[in-house]
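Subject: A structure for you to look through

Hi,

Here is the structure I promised to pass on. Have a look around it, then read my notes below.

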Amino acid sequence: MNQPIASVTIPIYRSCIERLILSANRSTFILFYFNSSMEGNKRIFPTMDTLKGMLKSYEAWVASNPDVVGDFETTAKWVSYFIAGRISSSNVVSELVYTLSNMLVFYNDRIIDRARNAKENSVLRLQSKLCYRLKVTLTTLEYSEVFIEISARRLFGQTGKWLVIALIQVFKAAGRLFILRHSTSDIITSPPIASLNRRALGKQRKGAGAEVSPANDDANLMQSQHSITFQLKRSGRIIRKVEGAPPIQYRDFKLHVENTEAAKTQIPRELLTAEYLYISKPLIHLAAMSLFGHRSWKQYMVALSMDLYSIHLYRQRRHLMSKQQKLELSRRCINLMYFLVRSPFYENYTQSRLERLLDLLARTVPLAKMVAGPLKDNIPQWQSTYFYLWST
């Protein structure tokens with residue numbers, strides 16, 4: 001039998017109404033959630049804006065007060081020395097404080113360099129952005145390398161420590177080789193971006209403020225804007241523009257580079273072999289250590305021979321080097337003194353003589369015992385932690 005129409009349609013209407021109510025409830029919930037999210041974002045975004053404003057204020061303060069910033073950075077480094085040996089796990093904590101202080105110095109140097117357009121690092125601006133970022137990465141790794149090694153030893157043991165050391169040295173060597181081949185860089189320093197000489201910058205600013213007038217500043221700005229040369233991004237080669245050519249009767253077909261210091265810092269081809277040898281020394285030394293052992297004289301002599309031969313190649317062509325390159329070569333010659341406190345020379349010769357000297361100072365010099373005693377206790381740990389043959 002046929003059912004009445006009302007008995008069929010009423011349940012259909014009822015189900016439709018229930019679905020509409022359910023969808024309305026869902027829409028209301030979505031709108032409420034969206035409004036809550038917007039309110040939360042409104043509370044978060046002012047916080048981000050505040051942090052950005054604080055960061056800009058800090059950068060402005062660092063740029064205008066480099067001397068005060070330097071005092072604060074020195075204090076942070078002395079805190080790391082004070083922590084050593086006074087609390088549990090002090091070597092990790094003190095190295096962390098020392099690493100953070102170095103990172104703070106590096107960050108502040110970049111702020112001061114951008115703000116004052118320091119001439120000491122003007123060569124960096126002639127390089128590609130990739131090479132500059134790679135230098136920043138290598139410098140950061142250089143400052144945090146010891147802390148990473150200590151942490152790896154604590155977390156993964158000796159095997160993990162040496163694995164981390166090998167990975168770090170492979171990355172550093174690859175980065176240095178890339179910089180040497182794809183930029184106008186000179187001898188790669190350690191760290192790749194050296195710290196700014198803030199005292200010299202302060203004297204330079206005071207002298208420039210007394211001598212340079214606003215008219216000279218405008219003239220220098222116009223001259224920099226109308227440069228007669230440009231630099232290729234990949235090779236770093238400096239090319240003269242067409243409009244920068246002199247009259248035809250005065251042409252000598254030689255590139256007159258505005259920044260002569262930047263041109264001098266390009267490493268000559270004759271010195272590339274010496275630099276390649278110096279860059280590959282850490283990897284070869286690690287391989288020798290794995291073959292002959294940590295306290296073997298063979299691995300010690302391998303590293304020393306490579307350093308001496310690299311320096312010998314540089315000194316043979318010293319006349320081709322710029323002033324900055326000669327300074328870096330002098331630093332490498334001084335770093336040869338580190339071999340006196342490296343294994344196995346330290347255990348066989350230096351350690352006993354150094355301990356006798358500290359004992360003599362503690363007995364004969366008043367108040368020297370307060371310094372000589374902690375030094376005698378901490379030197380073995382420092383020797384095993386910092387005086388690696390691959391750290392220079």
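Let's begin with a term you'll meet throughout: a residue is called buried at under 20% relative accessible area, exposed at over 50%, and partly exposed in between (1.4 Å probe, protein chains only). With 41% relative accessibility, L360 therefore counts as partly exposed.

A word on where this comes from: the model is predicted, so local features need pLDDT of at least 70 and side-chain atom pairs count only at pLDDT 80 or more, while totals for chains, interfaces and linings use all residues. Residues are numbered from 1 along each chain as its sequence is written, and side-chain values use heavy atoms, with hydrogens and water left out.

The big picture

The protein has 13 helices and 2 strands. Helices here are DSSP runs of H or I with at least four residues, strands are runs of E with at least two, and both are numbered from the N terminus. Of the 392 residues, 34% are buried. The accessible surface comes to about 25,400 Å², and 63% of that belongs to carbon and sulfur atoms. Areas like this are computed by the Shrake-Rupley method with a 1.4 Å probe; for residues, only the protein chains shown count as cover. Two residues are in contact when heavy atoms lie within 4.5 Å. Among contacts between residues at least 6 apart in sequence, 72% join residues at least 24 apart.

Helix α12

L360 sits in α12, which covers residues 345–364. This helix has 20 residues and spans 28 Å from its first C-alpha to its last, close to the expected 28 Å. That expectation is 1.5 Å times one less than the number of residues. There is also a bend of about 40 degrees at Q351, taken as the angle between axes fitted to the seven residues ending there and the seven starting there.

Which residues of α12 are buried? Y346, T350 and L358 are, and the buried residues of this helix pack against α13 (369–386). On the surface, L360 joins L357, L361 and V365 in a nonpolar patch with about 310 Å² of accessible area together. Patches are built from residues with over 30% relative accessible area and no salt bridge; like charges are joined within 9 Å, and nonpolar side chains (Val, Leu, Ile, Met, Phe, Trp, Tyr) within 5 Å.

Just before and after this helix there are two loops to look at.
- P344 lies in the loop between α11 and α12, and a cis peptide bond with omega about 0 degrees joins S343 to P344.
- L367 lies in the loop between α12 and α13. It is not a glycine, yet L367 has a positive phi of about 65 degrees. L367 counts as exposed because its relative accessibility is 68%.

Another cis peptide bond runs from S190 to P191, with omega near 5 degrees. P191 is in the loop between α5 (129–182) and α6 (198–211).

Salt bridges

Side chains of opposite charge can pair when their charged atoms come close. We call it a salt bridge when a side-chain nitrogen of Lys or Arg is within 4 Å of a carboxyl oxygen of Asp or Glu. The structure holds 9 of these salt bridges.

One of them pairs E347 with R295 at 2.5 Å, N to O. This pair links distant parts of the chain, 52 residues apart: E347 is in α12, and R295 is in the loop between α9 (272–292) and α10 (297–316). E347 counts as partly exposed because its relative accessibility is 29%, whereas R295 is exposed at 54%.

R332 and E328 also meet in a salt bridge, at 3.3 Å, N to O. They are 4 residues apart in α11 (residues 323–334), so about one helical turn separates them. Both R332 and E328 are buried.

E145 and K172 form a salt bridge too, with their closest N and O atoms 3.1 Å apart. Both of these residues are buried. E142 and R176 are linked with E145 and K172 in a network of salt bridges.

Two serines in α10

Is S310 buried or exposed? S310, which lies in α10, counts as buried because its relative accessibility is 1%. Leaving aside neighbours within four places in sequence, S310 is in contact with A274, L277 and Y278. S305 is in α10 as well, but at 40% relative accessibility S305 counts as partly exposed. The C-alpha atoms of S305 and K281 are 9.8 Å apart, with their positions 24 residues apart along the chain.

Cheers
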